[in-house]
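Here is a friendly walk through the strands and helices of this structure. Keep the 3D view open as you read.

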Amino acid sequence: MAGKGDADVSRLDEAARAGWLYYVAGNTQDEIARKLGVSRQSAQRLVSLAVTERLIKVRLDHPIARCMELGRNLADRFGLRSCEVVPSDPATPSSIVGIAQAAAGEMERHLKSNEPKIIAFGTGRALRASVDQLPTMDCPQHKIVSLLGNMMSDGSASAYNVIIRMADRVNARHYPMPLPVFARSKRERTLLHNQEPVHNILALAKDADVTFVGVGNMGETAPLFVDGFISRDEMSALTAAGAIGEITSWVYDRNGELIEGLTNDLVASAPLGKARDKPVIGIAAGEGKVDAILGALRGELLNGLITNELTADRLLAR
């Protein structure tokens, strides 16, 4: 026969399952009772036992508390308006799933405003993943604006543009930038920016109430290089010039200063300046992004950040 110790362990196992179903999966006590094959009263007692035995502490309390402390420390060090740090998965510390969920929550907060807002977006994997986490909403009062085009020189489109996808999800007016990422010359860029539709979009971007951007690194894994927007020779020239990161294809050095010449002479994105009185929130995480994020923070190109625990640790250690 099973001893009392075995029964206690079994009871704790049931409490752990009930606690997970209630606090993590969001089940009601009736749903828990049905899934565990117990009465509603037993389900309630199991959830209470999970709390009293502190079975949920590590998942719900400890990681979140440490993340909040990391966020506060980053905000204090770099003078940020906001900083949200999500737990890292030790097995995949560069995963963007957690930051995408957090970014979607921040986007949703702005989208729920009854006051009309202009919300500007960069592009990239993290932003695309964030938009995919948004619920379907009805927000005709807002304007969704792109900070850059997503066309290659041959006219093909990047897979990571977010404006149209987001507009479909939230039913908002949207303003995609009908431009290539890079012009062929300074003169062509001037001509493109002087087109009335583009000029209007640039004006909207300048007046954005909140801006969300990704942060790209330099080198062999740079999104600009991997996605085919710049050549290996161009990447080598940028690296030799001290490039450390990019935001909306504007390339900057370790202090957040824009690199003179090279691809910055041709980038067709909305101008990138210091983040001032309105939120400019960077969404990025991973070992390979640390230098790029750090440069953006030093240069005050961002005044908000959504990242993960590992990345926050690395930033604070520098």
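In this predicted model, three strands form an open sheet with antiparallel pairing, in the order 6-7-8. Strand 6 (216-217) and strand 8 (250-252) are its edges; each has a single partner strand, so one side of each is left without a neighbour in the sheet. Strand 8 pairs with strand 7 (residues 245-247) in the antiparallel sense, over three bridges. If you look along this pair, you will find glutamate 246 opposite valine 251 of strand 8. Helix 13 (residues 290-298) lies across strand 6, strand 7 and strand 8, and runs at about 90° to strand 8.

Now turn to the other sheet. Its seven strands make an open sheet with parallel pairing, ordered 1-10-9-5-2-3-4. Here strand 1 (82-86) and strand 4 (173-175) take the edge positions with a single partner strand each, so one side of each is left without a neighbour in the sheet. From one strand to the next, the twist averages 15°.

Helix 6 (residues 97-111) packs on this sheet and touches strand 1, strand 2 (118-121), strand 3 (143-146), strand 5, strand 9 and strand 10 (304-308). The direction of helix 6 makes about 150° with that of strand 10.

One strand pair from each sheet is set out below.

| Strand pair | Sense | Bridges |
|---|---|---|
| Strand 5 (residues 210-214) and strand 9 (residues 280-283) | parallel | four bridges |
| Strand 7 (residues 245-247) and strand 8 | antiparallel | three bridges |

Which residue of strand 9 is the bridge partner of valine 213? The partner is glycine 282.

Key
Residues are numbered from 1 along each chain as its sequence is written. This is a predicted model: local features need pLDDT of at least 70, side-chain atom pairs count only at pLDDT 80 or more; totals for chains, interfaces and linings use all residues. Side-chain values use heavy atoms; hydrogens and water are left out. Two strands pair if DSSP finds at least two bridges between them. Helices (H or I, at least four residues) and strands (E, at least two) are DSSP runs, numbered from the N terminus. Axes are lines fitted to C-alpha atoms, for helices over the stretch in contact, and angles run from 0 to 180 degrees between N-to-C directions. Contact means heavy atoms within 4.5 Å.
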